[in-house]
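Trainee: Could you take me closely through one part of this structure, the surroundings of the ligand, and then carry on from there into the rest of the fold? I would like one connected account that I can follow with the model open beside me.

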Amino acid sequence: MRSERLRRLPYKDLGATEGSSPMGGLFFDTPRFANSVPFFRFQRFGHDDIHTDSDHKLVVVMVGLPARGKSYIVKKVKRYLSWLGFQTKIFNVGDRRRLASSTGETAGSVDGGSGDKPCAECSNPGVRTAPCTECETRHPSSFFDPDNESAKYIREQVAIEVFDDLLRWLQAGGQIAIHDATNSTIERRKALIDRLVSQADVNLLFVESICTDEVIINRNIKLKTRSPDYIGMDPEVAEADFRARLRNYERAYRTIGAAEEKLDVQYCKIIDVGKKVIAYNIQGFLESQVVFYLMNMNLEPRVIYITRHGESEDNVAGRIGGDASLAPSGIGYSKALARFIDRRRLEFAVEVEEATHHAPGATTSMSASSTPGTCSEPEAGSPCPEHLRRYRRRRCGEPDFEVWTSMLKRAMETVEYFDPQRYRVKNIKSLNEIYAGKCEGMTYSEIARDFPEEFEARQLDKFYYRYPGIGGESYADVVLRLQQVIVELERIRHSVLLVTHRAMARTLLAYFMDIPTTQMPDMELPLGYVYACEPRPFGNFLRVWRYDSRIDDFEEVDASSALKIRCSQRSFPDSNSAAPLPSPAETTYYPARQRAMS
Ligand code: F6P
C-alpha cells in the first residue's frame with residue numbers, strides 16, 4: 001500500500017518532463033551527461049518503483065605521480081558523493097598489486113601459474129609469498145622501472161583487472177566508481193578509455209593531481225614509507241626505495257593533454273591542492289559537482305566543532321521543532337560553551353605551533369599528525385611559553401575562528417556569550433532544524449496518537465520520510481540543504497563552531513565521519529556534547545567532549561563510544577535531554593578514525 005507521504009511531490013508534479021529537470025532542464029540538456037541530482041528518487045511514487053534517476057554512471061580515473069595526494073583526494077570525494085546519496089566505491093590498484101604479489105595470482109599468469117617466480121628485482125625465488133629478503137619489499141623500485149618489461153606487464157594487467165572489476169560493479173547497480181592508481185602514461189589511459197567504449201551509460205572523468213610544492217611532496221613521501229609496501233622496513237631504506245620508485249615513474253609520466261583532448265574526454269587538473277584548477281570539457285552534473293568540490297579543499301590545520309544548542313523550553317516539554325528560547329539549563333550550557341571554546345582554541349593553536357616547531361611542516365592534513373604536548377621546556381600540563389607567545393603574536397589580526405548558528409532562537413542564544421571581538425558569528429538559515437511540517441510543536445507521543453500512519457512511515461524509512469504539510473522535510477532534503485554549507489566548510493581555512501540542532505548535527509557528522517546515510521538518522525546525539533572533527537591525511541579524526549553541569553565544565557569522553565548508532569531506533573523518547581544510554585545490545589559503536597599516523 002502506498003502511504004500518503006510517498007504520494008507527496010512526485011517528480012512529475014513538479015512540472016518536469018522526462019529528460020528535463022524541475023530547475024528548467026539545466027541538468028538534463030545533454031542526454032550523454034544526464035547524471036541525476038541526488039535524492040530525486042524520493043520524489044517518485046512508492047517504494048516499489050523507486051529508482052535513482054541515474055541511468056548514467058560515472059568513473060573517476062585518478063592520474064598523477066606517487067605522493068601527489070591522490071588517495072587523499074579519492075577518500076574525500078568518495079565521502080562527499082556517498083553523503084550526497086550516490087553509491088560510490090574506490091577501486092585501489094596498489095592494494096590489488098600487493099594482493100597479487102602475495103597470492104601469485106596476477107604474476108602467475110605471466111609465467112603460466114607458478115608461484116615461485118623470481119623477484120623482479122634480484123631474481124630471488126618466492127617473492128610472491130613473502131617479501132624478498134634481498135630487496136625487503138615485494139615490489140622494490142625496479143618493479144616500477146618503465147624498462148622492466150615483465151614488471152610493467154604485471155602492473156598494466158593489475159590496473160586493467162581492477163578497472164574491469166569496477167565496470168562489473170557499476171553494471172551491478174553501483175553509480176560512481178573511482179579508479180585509484182597513478183594512470184600516469186598515455187597508453188594506460190587509452191587502454192582504460194578503450195574499455196569504456198562499449199559502456200554507453202558510463203561517463204568518464206580524469207582527475208589529475210599535480211603538486212609542485214616540495215614541502216608537501218616530502219611530507220607525503222614520509223607518509224608513504226609507512227604504507228603497506230614498507231611494513232617492518234627501516235624508514236631510511238624505505239624512503240630511498242620510494243624515491244627511486246618515484247624517479248622511475250617520472251621517466252614514463254605524461255600529464256593529461258592533447259592525446260586525451262582528441263578523444264573528447266572530460267578532465268580536471270588539481271594543481272597544488274586546488275591553488276590552480278584546470279577543467280576541460282566538463283559537461284555532466286556530477287562531474288561539475290566533483291570539480292567544484294575539489295576547487296574548495298585546503299590543508300590548513302583546523303577543527304570543525306559541532307554541537308546542539310543549549311536545552312530549550314521545547315526540549316524540556318518534549319516538543320519538536322518550534323522556535324523556543326533557551327531554558328535556564330541551556331543558558332548555563334551557553335556560558336560554559338564560550339569558555340570551553342576559548343580554551344580549546346588556544347590549546348589547538350599551541351598544538352599546531354608545537355608540531356610546526358618540532359617537526360617542521362608536519363601539521364597539514366597531508367602530513368603526519370601533530371604530536372601535542374611534546375615540547376621539552378614547558379611546565380608539566382601547561383603549553384610551551386614560546387609557542388604560546390608565538391600564537392598570541394599571530395592572533396592579533398582578524399578573528400580566525402567563526403561561529404555559525406541556525407536562525408532559530410535557541411541556537412542564536414547559545415552563542416550569546418562569545419566575544420564578538422574574537423569570534424565572527426554568522427546566522428545561517430540552512431542550519432535550521434529539519435522542518436516537521438504539520439507535526440511542528442508536537443511531542444512524539446502526540447504524533448503517534450494523532451498521525452499513527454505518519455509515525456509508522458517515519459520509523460520504517462526515517463531517511464527518506466518527509467513530514468506532511470507545507471515545507472515538511474526529510475533527512476534527504478536536509479542533505480541537499482547542507483550541500484553548500486559543506487563546500488563552504490571545506491573552503492574556509494580556519495576553525496568553525498557549528499551550533500545547530502539534532503537532525504542537522506547528525507547530517508553534518510555523517511559527512512565528516514563518513515557515516516552511511518542509512519545510519520545517519522539513528523545516531524544518538526544528545527544535548528550537551530561537542531564533537532570536534534580534525535582533518536587528517538586519511539580522514540577526519542574525532543574528539544568528543546561532554547558538558548557536566550555538576551562541575552559546570554566539559555570533559556573529554558571516548559569518541560568511539562560517544563558516537564553511537566541505535567540499531568533498534570523504534571521508540572522515541574519525548575525528552576531530548578542527555579538521557580541514559582541504551583544497553584550495548586541496542587547500540588552499534590561507530591569506530592572513530594584512528595589518529596592518522598600514530
Ligand atoms: O527534538 C529536538 C529535535 O531537534 C526536533 O526539533 C527535530 O524534529 C528532532 O530533534 C530531530 O530528531 P529525529 O529525526 O530523531 O526526530
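Mentor: What follows starts at the ligand, passes to the nonpolar core, and ends with single residues in loops, strands and helices.

Please keep in mind throughout that this is a predicted model. Twelve residues surround the ligand, and the ones that come nearest are Glu-433, Tyr-444, Arg-458, Lys-462 and Tyr-475. Sorted by class, this shell holds six charged residues, four nonpolar ones and two polar ones. Which side chains place a polar atom beside an oxygen atom of the ligand? Lys-462 does so at 2.7 Å, Tyr-475 at 2.6 Å, and Arg-506 at 2.8 Å. The ligand, taken alone, would expose 400 Å², and the protein buries 99% of that area.

From the ligand we can turn to the nonpolar interior. The largest nonpolar core is made up of 78 residues, and within that core Trp-83 and Leu-509 have the most contacts. Helix α17, which spans residues 475-491, supplies the largest share of this core, namely nine residues. Where does the core lie with respect to domain 2 and domain 3? Because domain 2 (57-294) and domain 3 (317-369 + 399-589) both give residues to the core, it lies between them. As a general background to such a core, nonpolar side chains in soluble globular proteins tend to be buried together.

Leu-509, one of the two residues with the most contacts inside the core, also gives us a way to a strand. Tyr-531 and Leu-509 are 22 residues apart in sequence, while their C-alpha atoms are 8.2 Å apart in space. Tyr-531 belongs to strand β12, residues 529-536, and with a relative accessible area of 2% Tyr-531 is buried. A pair with a longer stretch of chain between its members is Ser-549 and Tyr-333, which are 216 residues apart along the chain and have their C-alpha atoms separated by 8.0 Å. Is Ser-549 buried or exposed? Ser-549 sits in the loop that runs between β13 (539-548) and β14 (553-557), and because its relative accessible area is 57%, over the 50% that marks an exposed residue, Ser-549 counts as exposed.

Trp-83, the other residue with the most contacts in the core, falls within the residue range 70-83 of helix α2, the helix in which Ser-82 is also found. The side chain of Ser-82 reaches the backbone oxygen of Lys-78 at 2.8 Å. At 18% relative accessibility, Ser-82 is under the 20% limit and therefore counts as buried. Another helical residue to look at is Leu-170, found in helix α5, residues 149-171, where Leu-170 is buried with a relative accessible area of 0%. Leu-170 and Lys-57 are 113 residues apart in sequence, yet C-alpha to C-alpha they are 7.3 Å apart in space.

Strand β3 and the loop that follows offer another stretch to examine. His-179 lies in strand β3 and, at 0% relative accessibility, counts as buried. The C-alpha atoms of His-179 and Phe-206 are separated by 9.5 Å, with the two residues 27 apart along the chain. Thr-185 then lies in the loop between β3 (176-180) and α6 (186-196). Although Thr-185 is a loop residue, its relative accessibility is 16%, so Thr-185 counts as buried. The side chain of Thr-185 reaches the backbone nitrogen of Arg-188 at 3.1 Å, and Arg-188 itself falls within the residue range given for α6.

Last comes the loop between β5 (266-271) and β6 (276-280), in which Asp-272 lies and in which Val-273 is found as well. What is the sign of phi at Asp-272? Asp-272 has a positive phi near 50°, in a residue other than glycine, and Val-273, which is not a glycine either, has a positive phi of about 50°. Asp-272 is buried, with a relative accessible area of 18%, and Val-273 is buried too, with a relative accessible area of 17%.

Definitions and conventions
Residues are numbered from 1 along each chain as its sequence is written. This is a predicted model: local features need pLDDT of at least 70, side-chain atom pairs count only at pLDDT 80 or more; totals for chains, interfaces and linings use all residues. Side-chain values use heavy atoms; hydrogens and water are left out. A residue is near a molecule or strand if one of its heavy atoms lies within 4 Å of it. A polar contact is a pair of N or O atoms within 3.5 Å; within protein, one must be able to donate a hydrogen and the other to accept it, and residues adjacent in sequence count only if both atoms are side-chain atoms. Accessible areas come from the Shrake-Rupley method with a 1.4 Å probe; for residues, only the protein chains shown count as cover. Ala, Val, Leu, Ile, Met, Phe, Trp, Tyr, Cys and Pro count as nonpolar, Asp, Glu, Lys and Arg as charged, and the others, Gly among them, as polar. Helices (H or I, at least four residues) and strands (E, at least two) are DSSP runs, numbered from the N terminus. Buried means under 20% relative accessible area, exposed over 50%, partly exposed in between (1.4 Å probe, protein chains only). A nonpolar core is a set of buried Ala, Val, Leu, Ile, Met, Phe, Trp, Tyr and Cys residues joined through side-chain atoms within 4.5 Å. Domain bounds come from an automatic or database domain assignment.
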